[in-house]
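Please open the model in a viewer with residue selection enabled. The stops below are meant to be followed in order.

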Amino acid sequence: MTGTATGRPLWAPFVGLAAAIVVVDQVTKAWITDALAPNGVVNLVGDYVRLIYTQNSGALFGLFRGQAAPFAILSLAVIALIVGYHARSGRSPYMTLTLGLLLGGAIGNAIDRLRLNYVVDFVDGGIGDLRFYTFNVADACISAAILLLLLMAIRPSLATPAPDGAAAQ
């Protein structure tokens, strides 16, 4: 084990969180594909927040379009790395949460890439023509995990392992 990692990782919350994210992600993607035609738009909060069904065949922010297959393979490698890192993280509830969010998001988007050869994105925010990238539940979880990892880099004590009896296994 590395650093302050002690005790067995919190596998049940890690797997449970990742599984819940995958389910919510896939259900929302199925709903949006049934409710809207590709590029169909529904305004939720004026033009500021809207639902728009897009098919992203690339990576984050629509980069590298048409490269879903290589990103699917890369996603599988990343999933393995996340699980391996969690196995070494000890009993840190913070790391369990962070890596569970990351794993759920990675699996949710990998399912799309492997099944559809693109990722379904549908939440769009912005003002007029100035828009943020369109994203989905998996992307939101990955982004939240990245923010938590950055916060941990600033405050490493956040990842302090829980005592062996303090958290559910």
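**First stop: the hairpin**

Select valine 42, which stands opposite leucine 51 in S2. Then select asparagine 43, whose opposite residue in S2 is arginine 50. Strands here are DSSP E runs of at least two residues and helices are H or I runs of at least four, numbered from the N terminus.

This is a predicted model, in which local features need pLDDT of at least 70 and side-chain atom pairs count only at pLDDT 80 or more, while totals for chains, interfaces and linings use all residues. Residues are numbered from 1 along each chain as its sequence is written, and side-chain values use heavy atoms, with hydrogens and water left out.

Colour S1 and strand S2 (residues 49-56): they pair in the antiparallel sense over 4 bridges. Two strands are taken to pair if DSSP finds at least two bridges between them. Between the strands of this hairpin lie 3 residues, and glycine 46 takes a positive phi near 55 degrees.

**The sheet**

Extend the selection to the whole sheet, an open one of 4 strands in the order S1-S2-S3-S4 with antiparallel pairing. Its edge strands, each pairing on one side only, are strand S1 (41-45) and strand S4 (130-131). S2 and S3 run antiparallel and are joined by 6 bridges. To find one of the residue pairs there, select glutamine 55, whose bridge partner in S3 is valine 120.

How many of the 8 residues of S2 are buried? The count is 6, and S2 is thus described as mostly covered. Buried denotes a relative accessible area under 20%, exposed over 50%, and partly exposed the range in between (1.4 Å probe, protein chains only).

**Two asparagines with positive phi**

Most residues other than glycine have a negative phi. Select asparagine 39, in the loop between H1 and S1; its phi is near 70 degrees, a positive value. Asparagine 39 counts as exposed because its relative accessibility is 55%.

Next select asparagine 117, in the loop between H3 and S3. The phi of asparagine 117 is likewise positive, near 70 degrees. With a relative accessible area of 46%, asparagine 117 is partly exposed.

**Helix H1**

Display residues 11-35 as a cartoon: helix H1 has 25 residues and reaches 36 Å from its first C-alpha to its last, close to the 36 Å expected at 1.5 Å a residue. The expected span of a helix is 1.5 Å times one less than its number of residues. Show the side chains of Phe14, Ala18, Ile21, Val22, Asp25, Gln26, Lys29 and Ile32, which are buried in H1. An α-helix has 3.6 residues a turn, so residues three or four places apart point the same way.

**Aromatic pairs**

The whole structure holds 3 aromatic pairs. The first to select is tryptophan 11 with phenylalanine 14, an edge-to-face pair at 5.6 Å centre to centre, with 75 degrees between the planes. Rings of Phe, Tyr and Trp (its six-membered ring) pair if their centres lie within 6.5 Å; planes under 30 degrees apart count as stacked, over 60 as edge-to-face and the rest as tilted. Because tryptophan 11 and phenylalanine 14 are 3 residues apart in helix H1, about one helical turn separates them. Tryptophan 11 is partly exposed at 30% relative accessibility, whereas phenylalanine 14 is buried at 1%.

Now select phenylalanine 132 and tyrosine 133: their ring centres are 4.6 Å apart and their planes stand at 50 degrees, so this pair is tilted. Tyrosine 133 is buried, with a relative accessible area of 14%. Add Phe135, which ring pairs link with Phe132 and Tyr133 into a cluster.

**Last stop: helix H4**

Select asparagine 136, which caps the N-terminal end of H4 with a side-chain oxygen 2.9 Å from the backbone nitrogen of alanine 138. The 18 residues of helix H4 (residues 137-154) should span 26 Å at 1.5 Å a residue, and the end C-alpha atoms are 26 Å apart, in agreement.

Which residues of H4 are buried? They are Ala138, Asp139, Cys141, Ala145, Leu148 and Met152. To see their surroundings, show H1, helix H3 (93-116) and strand S3 (119-127), against which the buried residues of H4 pack.

Conventions:
Contact means heavy atoms within 4.5 Å. A polar contact is a pair of N or O atoms within 3.5 Å; within protein, one must be able to donate a hydrogen and the other to accept it, and residues adjacent in sequence count only if both atoms are side-chain atoms.
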